[in-house]
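I am opening my notebook to record what I looked up in this protein, going from the whole chain down to single side chains.

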Amino acid sequence: MAFIITLITTFILLFYFYYEDHNREPLNCLVEAFAIGAAISLQVSFLQTVIPLPVHILFTAFIGAGLIEEGMKLVALRLTLFRHPSFTAPVDGITYAVFLSLGFATVENVIHATTAEIGLVRAFTAVPAHALFAVSMGYYLGRYKFDRNDKVLLFLALYVPAVLHGLYNYLILSGTKWAMVLFVPYVIFLWVNGL
């Protein structure tokens with residue numbers, strides 16, 4: 001059931017971002033972006049289990065999840081679809097980043113959903129959150145593609161989603177009452193900012 005809900009959530013977000021792009025990208029490129037995201041999700045999951053990382057909550061949230069996951073997504077996007085001839089406008093960065101991130105999030109949800117309840121919660125929180133982190137990545141990467149002299153844009157394509165992702169994970173992992181109180185407004189902020 002959790003897997004089906006994850007797929008439904010993923011497809012709703014894919015359709016939304018596809019139809020929001022008025023100059024729609026070729027479907028084969030979008031499928032490629034999704035598949036790349038799914039593949040790197042498996043790689044990141046493997047790395048996170050075999051590389052001994054400090055278990056401190058800040059490190060886990062901001063480095064283990066935020067920096068490593070968003071960094072791998074950015075590298076994959078930069079080495080593949082960033083160079084594709086169909087990447088013709090800054091907004092294309094958002095579309096490709098979102099499709100790649102939803103591939104990543106879908107596989108990640110299947111891997112980490114140890115129970116049906118966790119899978120359902122993650123389908124409505126973690127999967128959309130990955131898409132919303134990707135909006136900022138794609139925004140800055142899309143601008144960078146057409147202004148290669150501004151290296152700050154490339155830095156922001158990593159920094160902003162890594163911080164957003166890290167804070168998201170920190171609020172969940174801390175398990176404190178104040179974090180749970182802040183979590184809902186933070187998710188609302190992510191939606192408002194992303195859309």
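The entries below begin with the overall fold and then turn to particular residues.

**Entry 1: the whole chain.** I noted at the outset that I am working with a predicted model. I looked up the secondary structure and found eight helices and zero strands, so that the order of elements from the N terminus reads α-α-α-α-α-α-α-α. I then asked what radius of gyration the protein has, and how that fits with a compact globule of 195 residues. The protein has 16 Å, and this agrees with the value near 16 Å that such a globule would have. For the outer dimensions I wrote down a box of roughly 45 × 35 × 35 Å, which the C-alpha atoms fill along the principal axes.

**Entry 2: inside and outside.** I looked up burial next, and 48% of the 195 residues count as buried. The accessible surface comes to about 9800 Å², and carbon and sulfur atoms make up 73% of it. Among contacts with a separation of 6 or more, I found that 76% are between residues 24 or more positions apart.

**Entry 3: aromatic pairs.** How many aromatic pairs does the structure hold? I found 14 aromatic pairs, and I picked out two of them to describe. In one of these, Phe-82 and Phe-87 meet edge-to-face, with 5.8 Å from centre to centre and 75 degrees between the planes. I count Phe-82 as buried because its relative accessibility is 1%, where the cut-off for buried is under 20%. Phe-87 is also buried, with a relative accessible area of 3%.

The other pair I chose is Tyr-168 with Phe-183, which is tilted, with 5.3 Å between the centres and 55 degrees between the planes. Tyr-168 lies in helix H7 (residues 151-174) and Phe-183 in helix H8 (residues 177-194), so this pair ties together parts that are 15 residues apart in sequence. I checked the burial of both partners: Tyr-168 is buried at a relative accessible area of 5%, and Phe-183 counts as buried at 13% relative accessibility.

**Entry 4: a cluster and a lysine.** I went back to the first pair and saw that ring pairs link Phe-82 and Phe-87 with Tyr-96, Tyr-144 and Phe-146 into a cluster. Which residue lies over the face of Phe-82? I found Lys-145 there, at 4.8 Å from the ring centre, and Lys-145 also lies over the face of Phe-87, at 5.0 Å from that ring centre.

**Entry 5: Ser-136.** I looked up Ser-136 and placed it in helix H6 (residues 126-145). Is Ser-136 buried or exposed? Its relative accessibility is 7%, and therefore Ser-136 counts as buried. When I left aside the neighbours within four places in sequence, I found Ser-136 in contact with Val-160, Pro-161 and Leu-164.

**Entry 6: Phe-124.** I ended with Phe-124, which is found in helix H5 (residues 116-124). Here I recorded an exposed residue, since the relative accessible area of Phe-124 is 56% and the cut-off for exposed is over 50%. Not counting residues up to four places away in sequence, Phe-124 touches Ile-5 and Thr-9. I also looked up how Phe-124 stands to Asn-169, and the two are 45 residues apart in sequence and 15 Å apart in space, C-alpha to C-alpha.

How values were computed: Residues numbered from 1 in each chain as written. Predicted model: local features only at pLDDT ≥ 70, side-chain atom pairs only at ≥ 80, totals over all residues. Heavy atoms only, no water. Phe/Tyr/Trp six-rings, centres within 6.5 Å; stacked < 30°, edge-to-face > 60°. Buried < 20%, exposed > 50% of the residue type's maximum accessible area, 1.4 Å probe, protein only. Helix = DSSP H or I, 4+ residues; strand = E, 2+ residues; numbered from the N terminus. Lys NZ or Arg CZ within 6 Å of the ring centre and 35° of its normal. Contact = heavy atoms within 4.5 Å. Rg over C-alpha atoms; globule rule 2.2 N^0.38 Å. Areas by Shrake-Rupley, 256 points an atom, 1.4 Å probe, with all protein chains shown as cover.
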